[in-house]
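User: Could you take a close look at one part of this model for me, the buried charged residues and what surrounds them? I would enjoy a connected walk through it.

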Amino acid sequence: MLYFLGQLGEQIAAFNVFRYITFRTAGAVVTALFFVFLFGPGMIAMLRLRQGRGQPIREDGPAGHLLTKKGTPTMGGLMILSGAVISTLLWSNLTNGYVWVVLFVTVGFGAIGFYDDYLKVKRMSHAGFGSKQRLILEALIGGIAAFAISQLASGSYGTSLLFPFVKDLALNLGYFYILFGGFVVVAAGNSVNLTDGLDGLAIVPVMVAAACFGLIAYLVGSQNYADYLLLNSVPGTAELAVVCGALIGAGLGFLWFNAPPAQIFMGDTGSLALGGALGTIAVATKHELVLAIIGGLFVLEAVSVIVQVTSFRLTGKRVFRMAPIHHHFEHLGWTESQVVIRFWIISFVLALIGLSSLKLR
């Protein structure tokens, strides 16, 4: 709640700095980072003690996973969520509705993921929360978030789909936008969830996407920058840059412990929440299609699973040696570190392409 210190700027000039979104975004990064650094080791020790055998490892996975990853605790998303949420509450303007919508989805998806992780650890099985019940809950949360965003946005943009690389092209979806926005949030959450399969694989692309959308939120939330770049201004969304900063800081802290060999896995607790947060920010800033570019790695992972399942059900044959696709490359002989670092490179390239949409119109 340091934002409100900026109100003292009229009396004490030093406090005026708290009014600036850029300063508070930097503060959110540092606060979340040090929170995870400070409390992370204790959380890992607690989770290891309570979980005992840790996250169950797929027996049909690449050779060596059972040996190198067995016994590693999961639910590391609790570290990310606690750091990100606390930092957001400290540094953001809590009168901004967009901030609360993103927190609602982040915590809601995190709770679903936590219950899923709990069941997996308790049963020592990959059969966690029922997929239908889980999707229904996610769709409900995503739909509520999309409806709230449509009400917060001004004018017809509240229910409009905007297109990248094209100036002033908007498609008003009306009430269908609630379904579309909810789908984006749910799809983003589950795509990040599918990507989280190797040490450090998911968290870096998430931070890259968060950095991109922090910039996007800041630009479209500012009338001056939006006019200069020929963007559709969405007043109020600039505050989401602070939320993105908190996600980046918490992600950096988590990566310290998740770097190979991982001391902890983020689990569904973290991956669902982070994906849901990114999807919600994309919907709020009216850059849903740009999310598919910046988060193209997540899309690739999700599509690989869809293709694999569809092909096997229709023909009895598999397209990939194993899905999601990062396991396919492991079966081809890539080491885990090669897969992770090369996928990071792909995420950086896709981020640059997505950001180019801000100027190429």
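Analyst: Happy to. A good place to begin is a pair of charged residues: Glu-138 is buried, and Arg-134 is buried as well. This is a predicted model, so please read every value below as computed from predicted coordinates.

Both Glu-138 and Arg-134 sit in helix 5 (residues 131-152), where they are 4 residues apart, about one turn of the helix. Their side chains form a salt bridge, with an N to O distance of 3.1 Å. For Arg-134 the relative accessible area is 10%, and because the cut-off for buried is under 20%, Arg-134 falls within that class.

Arg-134 also has a partner in another helix. The side chains of Asp-268 and Arg-134 meet in a salt bridge, again given as 3.1 Å from N to O. This pair links distant parts of the chain, since Asp-268 belongs to helix 10 and Arg-134 to helix 5, 134 residues apart. Salt bridges with shared partners join Asp-116, Lys-120, Arg-134, Glu-138 and Asp-268 into one network.

Let us follow that network on to Lys-120. The side chain of Lys-120 makes a salt bridge to the side chain of Asp-268, at 3.2 Å from N to O. Lys-120 lies in helix 4 (residues 97-123) and Asp-268 in helix 10, so this pair ties together parts that are 148 residues apart in sequence. Lys-120 has a relative accessibility of 18% and counts as buried; Asp-268, at 7%, counts as buried too. In the model as a whole, the count of salt bridges comes to 6.

Asp-268 deserves a stop of its own. Leaving out residues up to four places away in sequence, Asp-268 touches Gly-113, Asp-116, Asp-117, Lys-120, Arg-134, Asn-193 and Ala-273. With Asn-193 there is also a polar contact between the two side chains, at 2.7 Å.

The database record picks out these two residues as well. In an unreviewed entry, UniProt places the feature "binding site" at Asn-193 and Asp-268. They span 76 residues in sequence, yet no two of their C-alpha atoms are more than 6.2 Å apart, so they gather at one spot. Asn-193 is found in helix 6 (residues 176-195) and is buried, with a relative accessible area of 14%. Not counting residues up to four places away in sequence, Asn-193 touches Arg-134, Asp-268, Ser-271 and Leu-272. Arg-134 therefore appears among the contacts of Asn-193 and also shares a salt bridge with Asp-268.

Now to the helix that carries Asp-268. Helix 10 covers residues 267-284, and at 1.5 Å a residue its 18 residues should span 26 Å; the end C-alpha atoms are 26 Å apart, which agrees. Helix 10 is mostly covered, with 18 of its 18 residues buried. Just after helix 10, Lys-286 takes a positive phi of about 60 degrees.

From the charged residues we can turn to the nonpolar ones. The largest nonpolar core has 84 residues, and the members that touch the most other members are Met-79, Ile-203, Phe-213, Leu-240 and Ile-294. Helix 7 provides the largest share of this core, 13 residues. Apart from that core lies another one, of 8 residues, among them Leu-198, Leu-201, Val-340 and Phe-343.

Ile-203 shows how the main core connects to what we have just seen. Setting aside neighbours within four places in sequence, Ile-203 is in contact with Ile-80, Gly-251, Phe-254, Leu-255, Asn-258, Met-266 and Leu-274. One of these contacts, Leu-274, falls within the residue range of helix 10, 267-284.

A second residue to look at here is Met-207, which lies in helix 7 (residues 203-220). Met-207 is buried, with a relative accessible area of 9%. Beyond residues up to four places away in sequence, Met-207 touches Ile-248, Gly-251, Leu-252 and Leu-255. Two of those names, Gly-251 and Leu-255, also appear among the contacts of Ile-203. The C-alpha atoms of Met-207 and Leu-252 are separated by 7.9 Å, although the two residues are 45 residues apart along the chain.

Note on methods. Residues numbered from 1 in each chain as written. Predicted model: local features only at pLDDT ≥ 70, side-chain atom pairs only at ≥ 80, totals over all residues. Heavy atoms only, no water. Helix = DSSP H or I, 4+ residues; strand = E, 2+ residues; numbered from the N terminus. Expected span 1.5 Å × (residues − 1). Buried < 20%, exposed > 50% of the residue type's maximum accessible area, 1.4 Å probe, protein only. Contact = heavy atoms within 4.5 Å. Salt bridge = Lys/Arg side-chain N within 4 Å of Asp/Glu carboxyl O. Core = buried A, V, L, I, M, F, W, Y, C linked by side-chain atoms within 4.5 Å. UniProt positions renumbered as here; feature names shortened; annotations may be inferred. Polar contact = N/O pair within 3.5 Å; in protein donor to acceptor, adjacent residues only side chain to side chain.
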